[in-house]
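Good morning, and thank you for coming. I would like to take you through one structure today, beginning with a single contact and then widening the view.

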Protein chains: 2
Amino acid sequence: MRIGIVAPSCPIDDDVADGVTARAAALYGADAPALIFHPQCWLVDGHFAGNDATRLSALVEMANDPAIDAIWFARGGYGAGRIAADALPLLNDAARAKTWIGYSDAGVVLAALYAKGIGTVAHGPMPADIRREDGGAAVDRALRWLVERAPDTAEPHAPAAAFNLTILSHIIGTPLQPDLAGHVLMLEDVAEYHYRIDRALGHVTSNPGIRQVAGIRMGRFSDIPENDRPFGMEVETMVRHWCRVSGIPFLGTADIGHDAANMIVPFG
Amino acid sequence: MRIGIVAPSCPIDDDVADGVTARAAALYGADAPALIFHPQCWLVDGHFAGNDATRLSALVEMANDPAIDAIWFARGGYGAGRIAADALPLLNDAARAKTWIGYSDAGVVLAALYAKGIGTVAHGPMPADIRREDGGAAVDRALRWLVERAPDTAEPHAPAAAFNLTILSHIIGTPLQPDLAGHVLMLEDVAEYHYRIDRALGHVTSNPGIRQVAGIRMGRFSDIPENDRPFGMEVETMVRHWCRVSGIPFLGTADIGHDAANMIVPFG
């Protein structure tokens, strides 16, 4: 198996490729998948892993290569939304046959692919997660799902989709918004103030398309900063509030988040 | 003239009412408009100026009072989005005859009213702006527009609408999104990272409805925090980028922002 790694958002650190390759070797020995890190992963252009044209070209090059079986997004940050819409019309049949996995800002590309019915799409850990505490376990989980679809790596609810709440909020009402009717929608976020989480929940659940989901599961909302005034509500209270207002069933928790325990959520 | 002041988002400080009332007296003497601050403006419930039911009830009570000519939103923050949709069906003919003015988070209510064709709606300074440096000038500008529609208080482009970019982003794809076809859309923001400004610009300009605007004018984007990596692009470059991508004409700057110079932008 050959896994192509590109960075549609921000660059990765130097040691990520070696670390992830070592995890694959430890898991699978001589049968380890080939991990092909596109050199674009290390480019730096301001905030981004190369400028828009460079990131787009690396993504399309790897996606359209029939010798590569899966696209693994290297990390999140910000930038995927600047190239996702442009990438779609450039993808060929090889891209449509691929598995695509990532989360956080990479969710923009996953949304766009899923909206257009391109490939097999999944929320899950990325190579850069190896730098987290216990990040090796996150990388192993993604590899074991990519290589053998190991059942213990995935959230069992289906059909499903998973998003970073803030990322999903910025896709609402655009051509990149996928039809999630009947899906279990799992949401997580990191480093957002309570008021921003509440605002984004209100936004997402007010969209008529999102109101067609089967229900919402609450992933982890981590590293919430302290505000100058206490918000006065926990995240679950907000999720339950907006589910009630929108008529969307609240289905409990989901084992996803910006952490090493983040599970795979295959879309669909 | 009687102006009713309510706070759909966060509470105001104790001295705002006296300060604003003194400005009105200095401007108009015995002819000064009556400024009726609803006591709800000073309630505190976590982040909010009273809980949702209390803020909604204060808003509807003042809006539906035929003895009040205009609703002046007291300040922004966060919270208007929790009550705007519920308020709409409760508004009577007196509410429809009113002028409504505010900005920032109050833009959610302005958007909702404008989407439903309720009242005369304008972006402009709020009572809490009196606490800004030179904030008296901002308050005077709003009063002079409310009382006499003084032409020097308003941005001359019409038809127009003005929003805080982040607030508009959170209305996109919801029933509160107004039809802005043919409008000059003015956008401003405060205290958002470059990457968030870029992300919200991409979001807003990707919406098919927004792509019908006559063009975008760039207000002030102030107090942009330093990020852990430099973004590598100024705001005008981003606005021009997304205008080019979306086919929306870039029309230059607009004299609006989170500051004392913030001009009135009557919607329509």
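**From one salt bridge to the whole assembly**

Let me begin with A:Arg82 and B:Asp198, whose side chains form a salt bridge with an N to O distance of 2.7 Å. Please keep in mind that what you see is a predicted model.

How many salt bridges are there between chain B and chain A? The count is four. Across this interface there are also 20 residue pairs in polar contact, both residues of each pair being at pLDDT 80 or more.

Let us now consider the interface as a whole. Chain B contributes 38 residues to the contact, and chain A contributes 38 residues. Together the two chains bury about 3,000 Å² between them, and carbon and sulfur atoms give 54% of that area. Which three residues supply more than any other three of the area that chain B buries against chain A? They are B:His170, B:Arg199 and B:Arg229, which supply 22% of it.

I turn next to the relation between the copies. A turn of 180°, with a shift of 0.0 Å along the axis, lays chain B on chain A with an RMSD of 0.0 Å. The two copies are therefore related as by a two-fold rotation axis. Within chain B, the C-alpha nearest this axis belongs to B:Gly173, at 2.0 Å from it. Why may we say that the copies meet through the same surface? Because 100% of the interface residues of chain B are also interface residues in chain A.

Let us move inside one chain. Chain A is divided into domain 1, residues 2-153, and domain 2, residues 160-266. The centres of these two domains of chain A, taken over C-alpha atoms, are 23 Å apart. Their contact takes 29 residues from domain 1 and 24 residues from domain 2. Between them, the two domains of chain A bury about 1,900 Å², with 64% of it on carbon and sulfur atoms. Across this domain interface there are zero salt bridges, while eight residue pairs, both at pLDDT 80 or more, are in polar contact.

Finally, the nonpolar interior. The largest nonpolar core has 62 residues, and A:Phe73, A:Trp100, A:Phe163, A:Leu185, A:Leu187 and A:Ile210 are those with the most contacts inside it. Where does this core lie with respect to the domains of chain A? Both domain 1 and domain 2 give residues to the core, so it lies between them.

I would draw your attention to A:Phe163 in particular. Leaving aside neighbours within four places in sequence, the contacts of A:Phe163 include A:Gly107, A:Ala111, A:Pro178, A:Leu185, A:Leu187 and A:Phe267. Apart from this core lies another, of 61 residues, including B:Ala80, B:Ala161, B:Val204 and B:Phe267.

Key. Residues numbered from 1 in each chain as written. Chains lettered and ligands numbered in written order. Predicted model: local features only at pLDDT ≥ 70, side-chain atom pairs only at ≥ 80, totals over all residues. Heavy atoms only, no water. Core = buried A, V, L, I, M, F, W, Y, C linked by side-chain atoms within 4.5 Å. Buried < 20%, exposed > 50% of the residue type's maximum accessible area, 1.4 Å probe, protein only. Domains from an automatic or database assignment. Contact = heavy atoms within 4.5 Å. Least-squares fit on C-alpha atoms with pLDDT ≥ 70 in both. Buried area = accessible area lost by both parts, 1.4 Å probe. Polar contact = N/O pair within 3.5 Å; in protein donor to acceptor, adjacent residues only side chain to side chain.
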